[in-house]
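I sat down with this one to see how its parts meet and what lines its ligand. My notes are below, in the order I looked things up.

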Amino acid sequence: MEMKDIATIGRTKEIVEKYNFSTKKSLGQNFLIDRNIIQEVLKKARINDDIGVIEVGPGIGSLTEQLAKVAKKVVAFEIDDRLIPVLNDTLSPYDNIKIIHEDVLQADIEKVIKEEFTDVKEVIVVANLPYYITTPILMNFLMYHKEISRFYTMMQKEVGERLSASPSSKNYGSLSIAIQYYTEAKIIQNVPKTVFMPPPNVDSIVVELVRHENPPVKVDDEETFFKLTRGAFVMRRKTIYNNYQSLFKDGKKKKEDIFAMLEAAEIDPKRRGESLSIQEYARIYESFKNSNLKF
Ligand code: SAM
């Protein structure tokens, strides 16, 4: 008998009942039950036999199965031990999937890439992310695993809109800057609540991130650059000058140094963080490096 795909209501219900599985909200467990939406995303990602895919949180294997049909190999990190026997069962027909039982934020991604993707031209990330840790997962991959060239990630709509927001728009923030420093970010798909079991409380979207060959600005110490951008948004309604008085060590006593640092970067101290472009932040970064200010 031909098995139905995992990403269907019927099969998902069957699996959940067979294992008497109850989803955990705390782990962001909402399973995809719509094969069409997955296939649309995979088509846009142009996945083929030359591509190795890292998946975060395979759940019961809905997305993993569709990935295995088109990619060379899929390596999926799942934190929930209850799902490991389920995945070993549901994905048993595929010989190009490796499930790693580990918190993706603790995993040695470098080692996995080296050992598992010996025979591929490109390594990409495709995931229906656990929404409670969307940002740390993306930032970890972007900052520390530069060989990953593209990302197709489903996330909460509000977060996805922040990733691709422009200066002075409502959703623009330090996350937009960090993401756009590394990648070209684009929303490629809206995802209704009805395609999940159980349905989440929020709408979802899929964001495509394509890593820049060269970032739009030159920054030699990314962590410092991001401290400066994050620090400008701590109190959104306040000026950058005000925010920086809280960001720097003895900032209240060093008002003049902060003022001078911003002036040297040709930034009006009365502006708000949300109005500044990534290029303007790069000027602040250069000016900060030449100052005596410390965090
Ligand atoms: N990919 C499946 C799907 O689309 O149906 C499940 C997606 S569900 C939104 C998120 C999955 O991530 C869950 O299976 C959850 O157990 C797993 N997860 C949560 N935190 C994780 C972590 N830190 N590391 C790895 N997996 C995690």
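The entries go from the domains to the ligand, then to salt bridges and backbone oddities.

**Ground rules.** I am working on a predicted model, in which local features need pLDDT of at least 70, side-chain atom pairs count only at pLDDT 80 or more, and totals for chains, interfaces and linings use all residues. Residues are numbered from 1 along each chain as its sequence is written, and side-chain values use heavy atoms, with hydrogens and water left out.

**Domains.** I looked up how the chain is divided and got domain 1 (9–211) and domain 2 (222–289); such bounds come from an automatic or database domain assignment. Their centres, taken over C-alpha atoms, are 35 Å apart.

**Where they meet.** I asked how many residues of each domain are in contact. It is 16 from domain 1 and 15 from domain 2, contact being heavy atoms within 4.5 Å. The two domains bury about 1,100 Å² between them, with 62% of that on carbon and sulfur atoms. Buried area here is the accessible area (1.4 Å probe) that two parts lose on being put together, summed over both. On the domain 1 side, Tyr-172, Ile-177 and Tyr-181 supply 44% of the area buried against domain 2, more than any other three residues.

**Polar links across the domains.** I found one salt bridge between domain 1 and domain 2, where a salt bridge is a side-chain nitrogen of Lys or Arg within 4 Å of a carboxyl oxygen of Asp or Glu. I also noted Lys-146 with Glu-222, a salt bridge whose closest N and O atoms are 3.1 Å apart. Seven residue pairs are in polar contact between the domains, both residues at pLDDT 80 or more. A polar contact is a pair of N or O atoms within 3.5 Å; within protein, one must be able to donate a hydrogen and the other to accept it, and residues adjacent in sequence count only if both atoms are side-chain atoms.

Helix 6 (134–144) and helix 8 (174–182) each supply at least two residues of the domain 1 side that touches domain 2. Helix 8 gives the most, with six residues. For the record, helices (H or I, at least four residues) and strands (E, at least two) are DSSP runs, numbered from the N terminus.

**Ligand.** Which residues come nearest? Of the 24 around the ligand, they are Leu-32, Gly-57, Glu-78, Asn-128 and Tyr-132; "around" means a heavy atom within 4 Å. A polar side-chain atom of Asp-103 sits 2.9 Å from a ligand nitrogen atom. Two backbone contacts went in as well: a backbone N or O atom of Gly-59 is 3.3 Å from a ligand oxygen atom, and a polar backbone atom of Ile-79 is 3.4 Å from a ligand nitrogen atom.

**Salt bridges overall.** The whole structure has 19. I picked out Lys-186 with Glu-208 (4.0 Å, N to O). Lys-186 lies in strand 7 (residues 183–191) and Glu-208 in strand 9 (residues 204–211), so this pair ties together parts 22 residues apart in sequence.

**Backbone oddities.** The Met-197 to Pro-198 peptide bond is cis, with omega near -10 degrees. Pro-198 is in the loop between strand 8 (196–197) and strand 9. Asn-20 is not a glycine, yet has a positive phi of about 50 degrees; I placed Asn-20 in the loop between helix 1 (9–18) and strand 1 (31–32).
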